[in-house]
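Let's work through a few helix exercises together. Keep the model open beside you and try each task before reading its solution.

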Amino acid sequence: FGSSSFGSRNLGRSVPAARQVGQGVDKQAAMGKTAKPERSGLAAGLNKGFIVTRREMAPKPSYAKGRKSQRNGLIKEVIREVVGFAPYERRMIELLKIGSASTFKRALKLAKKRLGTHKRGKKKRDEMS
């Protein structure tokens with residue numbers, strides 16, 4: 001009974017700002033992606049710490065992972081020509097050839113079922129059309 005799951009009935013306890021209803025935490029801020037404020041030079045407080053000049057870091061090589069290069073695009077194209085399409089991809093192409101709104105949606109449903117997420121399904125449908 002001690003949790004704040006009973007709406008406004010928190011029995012006099014203060015509820016942290018992040019857990020209050022209707023106040024979602026910004027994902028970027030939670031992951032530490034925003035620019036940090038300047039240090040105050042004090043030992044306590046929100047911006048505590050020694051004042052230093054911040055260096056601009058070079059981007060990590062791992063950030064480039066998954067980026068489509070010309071070489072990788074060519075390799076994928078050759079593989080696609082040699083291997084062909086999976087059975088579900090052939091069915092998607094047939095649905096997209098019909099061209100009606102319902103078959104367009106049906107192709108997305110098929111891709112979602114096979115690939116797991118809506119985003120992946122949309123990407124596959126765009127690739128097939």
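Here are three exercises, each with a worked solution.

This is a predicted model, in which local features need pLDDT of at least 70, side-chain atom pairs count only at pLDDT 80 or more, and totals for chains, interfaces and linings use all residues. Residues are numbered from 1 along each chain, and side-chain values use heavy atoms, without hydrogens and water.

**Exercise 1.** Check the span of α2 against its number of residues.

Solution. Helices are DSSP runs (H or I, at least four residues), numbered from the N terminus. The expected span is 1.5 Å times one less than the number of residues. For the 14 residues of α2 that gives 20 Å, and the end C-alpha atoms are 20 Å apart, so the two agree. Just after α2, G84 has a positive phi of about 90°.

**Exercise 2.** Decide whether L74 is buried or exposed.

Solution. Buried means under 20% relative accessible area, exposed over 50%, and partly exposed in between (1.4 Å probe, protein chains only). L74 belongs to α2, residues 70–83. Its relative accessibility is 54%, so L74 counts as exposed. The helix around it is hardly covered, with one buried residue among its 14.

**Exercise 3.** Find which residues of α3 are buried, and how they are arranged.

Solution. Begin with the buried set: Y88, E89, M92, I93, L95 and L96. Seen down the axis, they fall within an arc of 165° (taken from the directions from the axis to the C-beta atoms), so they line one face of α3. On the other side, P87, K97 and I98 are exposed.

Key. Helix = DSSP H or I, 4+ residues; strand = E, 2+ residues; numbered from the N terminus.
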